[in-house]
Amino acid sequence: PTMLKKFGTKLCWSPEDKQACLYQSSLLVASSSIPGNILTILCVDLVGRNRLLAGSMVASSLLAVVASQLHDGNTVGIVFCAFNGISVIGWNVLDVLSTE
């Protein structure tokens with residue numbers, strides 16, 4: 001949320017209330033990890049742990065580079081949500097690999 005505020009991103013449905021907008025932006029960023037968790041469950045055995053880990057880390061790094069080059073606040077917010085959703089896949093696969 002701090003980086004989103006830096007870029008002037010307003011990912012909220014009530015922009016007139018600044019306190020509520022902060023919580024709504026945090027909710028959107030936090031809920032963007034749900035698809036990553038579901039994709040991890042569905043793909044970890046199908047794709048393979050090592051490929052999924054490498055792919056998610058490469059995709060996360062590409063999204064971070066893309067986010068650093070953008071200047072539109074809403075686009076940066078969407079890219080940050082995608083980054084959060086993709087990076088959680090890598091962390092989940094690391095958790096799986098560390099227990100094996």
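Here is a short tour of how the helices of this chain are arranged and which residues bring them together. The model is a predicted one, so please read every value below as computed from it. The protein chain has five helices and zero strands, and its elements run α-α-α-α-α from the N terminus on. Three of those helices, α3, α4 and α5, take up most of this briefing.

**The chain as a whole**

- Of the 100 residues in the protein chain, 35% count as buried.
- Take the contacts between residues at least 6 apart in sequence: 68% of them join residues at least 24 apart.

**The largest nonpolar core**

- Which residues make up the largest nonpolar core? There are six: Cys-43, Val-44, Leu-52, Leu-53, Ile-89 and Val-93.
- At least two residues of this core come from each of α3 (33–47), α4 (49–69) and α5 (73–99).
- As general background, nonpolar side chains in soluble globular proteins tend to be buried together.
- Val-44 is a handy core residue to click on: beyond its neighbours within four places in sequence, Val-44 is in contact with Leu-39, Arg-49 and Leu-52. Of these partners, Leu-52 is itself listed in the core.

**How α4 meets α5**

- A pair of packed helices is described by the angle between their axes and the distance between the axes.
- For α4 and α5, the angle is about 155 degrees and the axes are 8 Å apart.
- Because angles over 145 degrees count as roughly antiparallel, α4 is roughly antiparallel to α5.
- The crossing of these two helices, α4 and α5, is left-handed.
- Sorted by class, the residues in the contact of α4 with α5 are 20 nonpolar, five polar and one charged.

**How α3 meets α4**

- Helices α3 and α4 pack with their axes 7 Å apart, at an angle of about 125 degrees.
- Are α3 and α4 oblique or roughly antiparallel? An angle of about 125 degrees is not over 145, the cut-off for roughly antiparallel, and α3 and α4 are therefore oblique to each other.
- On the α3 side, Cys-43, Val-44, Asp-45 and Val-47 take part, and they meet Arg-49, Arg-51 and Leu-52 of α4.
- The residues of this contact between α3 and α4 divide into four nonpolar, three charged and no polar.

**How α3 meets α5**

- The axes of α3 and α5 are 7 Å apart, and the two helices pack at an angle of about 40 degrees.
- That angle makes α3 oblique to α5, because the cut-off for roughly parallel is under 35 degrees.
- The crossing in which α3 passes α5 is right-handed.
- From α3, the residues involved are Ser-33, Gly-36, Asn-37, Leu-39 and Thr-40, and they meet Asn-84, Gly-85, Val-88, Ile-89, Asn-92 and Val-93 in α5.
- What classes of residue does the contact of α3 with α5 hold? Its members are seven polar and four nonpolar, with no charged residues.
- Ile-89 and Val-93 appear on the α5 side of this contact, and both also belong to the largest nonpolar core.

**Three residues to look up**

- Val-79 sits in helix α5. With a relative accessibility of 11%, Val-79 counts as buried, because buried means under 20%.
- Apart from neighbours within four places in sequence, Val-79 is in contact with Leu-63, Val-66, Ala-67 and Leu-70. Val-66 lies 13 residues from Val-79 along the chain, and their C-alpha atoms are separated by 7.8 Å.
- Ala-82 is likewise found in helix α5, and its relative accessibility of 31% makes Ala-82 partly exposed. The C-alpha atoms of Ala-82 and Ala-59 are separated by 9.7 Å, with their positions 23 residues apart along the chain.
- Pro-35 belongs to helix α3. Is Pro-35 partly exposed or buried? Its relative accessible area is 47%, so Pro-35 is partly exposed.
- Pro-35 and Val-88 are 53 residues apart in sequence, yet their C-alpha atoms are 9.2 Å apart in space.

Technical notes: Residues are numbered from 1 along each chain as its sequence is written. This is a predicted model: local features need pLDDT of at least 70, side-chain atom pairs count only at pLDDT 80 or more; totals for chains, interfaces and linings use all residues. Side-chain values use heavy atoms; hydrogens and water are left out. A nonpolar core is a set of buried Ala, Val, Leu, Ile, Met, Phe, Trp, Tyr and Cys residues joined through side-chain atoms within 4.5 Å. Buried means under 20% relative accessible area, exposed over 50%, partly exposed in between (1.4 Å probe, protein chains only). Helices (H or I, at least four residues) and strands (E, at least two) are DSSP runs, numbered from the N terminus. Contact means heavy atoms within 4.5 Å. Axes are lines fitted to C-alpha atoms, for helices over the stretch in contact, and angles run from 0 to 180 degrees between N-to-C directions. Angles under 35 degrees count as roughly parallel, over 145 as roughly antiparallel, 65 to 115 as roughly perpendicular and the rest as oblique. A crossing is left-handed if the near helix is turned anticlockwise from the far one by less than a right angle, and right-handed if clockwise. Ala, Val, Leu, Ile, Met, Phe, Trp, Tyr, Cys and Pro count as nonpolar, Asp, Glu, Lys and Arg as charged, and the others, Gly among them, as polar.
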